[in-house]
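Welcome, and thanks for taking a look at this structure. Please have the sequence and the 3D view open side by side as you read.

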Amino acid sequence: MSQPSSDDTLERLADVIAQRRGGDPDKSYVARLFHKGRDSILKKVGEEATELVIAAKGGERQQVVYEAADLWFHALIALADAGVRPAEVLAELRRREGLSGLEEFAARKAQAREAGEP
Ligand SMILES: N=c1c2ncn([C@@H]3O[C@H](COP(=O)(O)OP(=O)(O)OP(=O)(O)O)[C@@H](O)[C@H]3O)c2ncn1[C@@H]1O[C@H](COP(=O)(O)O)[C@@H](O)[C@H]1O
């Protein structure tokens, strides 16, 4: 049996997060975080990013998976707070597919030079 795609997982999780918004903070972690407000959500994203960095430095594979899941989960809450769906982020990544990061950087630099920016 084939596994559902990761795109479905992010969309389904985003649906659950949207449903929890405005829910009882005593019954739902997501509701509690929304209740605490944007600063708390963004602080959590920063903490989870740092935890992923530490795990990746440590090099323990499974720990990296756990911390990346924590980061993606909290990033989805931040996206919901900003009114952005995962599909929009995935579409942006798809748009960048095949576009070399180095070429994009060089084009941006050239544009800035033409515009007389330092
Ligand atoms: N994927 C997750 C998920 N990942 C991590 N977490 C929680 O995120 C919290 C923060 O993680 P930390 O490592 O920072 O742990 P902590 O020490 O408890 O946090 P702090 O006290 O330091 O703030 C933990 O309580 C985790 O349980 C999650 N909580 C919920 N989900 C998903 O969200 C759905 C809705 O959850 P509820 O809103 O709780 O119903 C669930 O069914 C899951 O699918």
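Here is a short briefing, going from the overall fold to single residues.

This is a predicted model. The chain is built from 6 helices and 0 strands, and a ligand is bound with helix 1, helix 2 and helix 4 each giving two or more residues to the shell around it.

**Confidence**
- The average pLDDT of the chain is 93, and 94% of the residues score at least 70.
- For the complex, the predictor reports an ipTM of 0.91 and a pTM of 0.88.

**Overall fold**
- If you walk along the sequence, the pattern you meet is α-α-α-α-α-α.
- The radius of gyration of the chain is 18 Å, whereas a compact globule of 118 residues would have one near 13 Å.
- Along the principal axes, the C-alpha trace spans about 55 × 35 × 35 Å.
- Of the 118 residues, 14% are buried.
- Among contacts with a separation of 6 or more, 48% join residues that are 24 or more positions apart.

**Around the ligand**
- Which residues surround the ligand? They are Leu13, Val16, Arg20, Ser28, Tyr29, Val30, Ala31, Asp70 and Phe73.
- Helix 1 (6–20), helix 2 (29–36) and helix 4 (61–81) are the elements that each supply two or more residues to this shell.
- By type, the shell holds 6 nonpolar residues, 1 polar residue and 2 charged ones.

**Arginine 20, a member of the shell**
- Arginine 20 belongs to helix 1 and is one of the residues around the ligand.
- Is arginine 20 buried or exposed? Arginine 20 counts as buried because 20 other C-beta atoms lie within 10 Å.
- Beyond its neighbours within four places in sequence, arginine 20 has contacts with Ser28, Val30 and Ala31.
- The C-alpha atoms of arginine 20 and alanine 31 are 5.3 Å apart, although 11 residues separate the two in sequence.

**The nonpolar core**
- As background, nonpolar side chains in soluble globular proteins tend to be buried together.
- The largest nonpolar core here has 9 residues: Leu10, Ile17, Val30, Leu33, Phe34, Ile41, Leu76, Ile77 and Ala80.
- Helix 1, helix 2 and helix 4 each give two or more residues to this core.
- Val30 is listed in the core and also in the shell around the ligand.
- What does isoleucine 41 touch, leaving aside its neighbours within four places in sequence? Isoleucine 41 is in contact with Leu33, Ile77, Ala78 and Asp81.

**Leucine 52 in helix 3**
- Helix 3 covers residues 38–58 and includes leucine 52.
- Leucine 52 is classed as buried because 20 other C-beta atoms fall within 10 Å.
- Not counting residues up to four places away in sequence, leucine 52 touches Glu67, Ala68 and Leu71.
- Leucine 52 and leucine 71 are 19 residues apart along the chain, and their C-alpha atoms are separated by 7.4 Å.

**Helix 5 and what follows**
- Why is helix 5 (residues 86–96) said to lie largely in the open? Of its 11 residues, the number buried is 1, so helix 5 lies largely in the open.
- Just after helix 5 comes glycine 98, with a positive phi of about 85°.

Methods
Residues numbered from 1 in each chain as written. Predicted model: local features only at pLDDT ≥ 70, side-chain atom pairs only at ≥ 80, totals over all residues. Helix = DSSP H or I, 4+ residues; strand = E, 2+ residues; numbered from the N terminus. Rg over C-alpha atoms; globule rule 2.2 N^0.38 Å. Buried ≥ 20, exposed ≤ 12 C-beta atoms within 10 Å, placed from the backbone. Contact = placed C-beta atoms within 7 Å. Near = placed C-beta within 6 Å. Nonpolar A, V, L, I, M, F, W, Y, C, P; charged D, E, K, R; others polar. Core = buried A, V, L, I, M, F, W, Y, C linked by C-beta atoms within 7 Å. pLDDT = per-residue confidence, 0-100.
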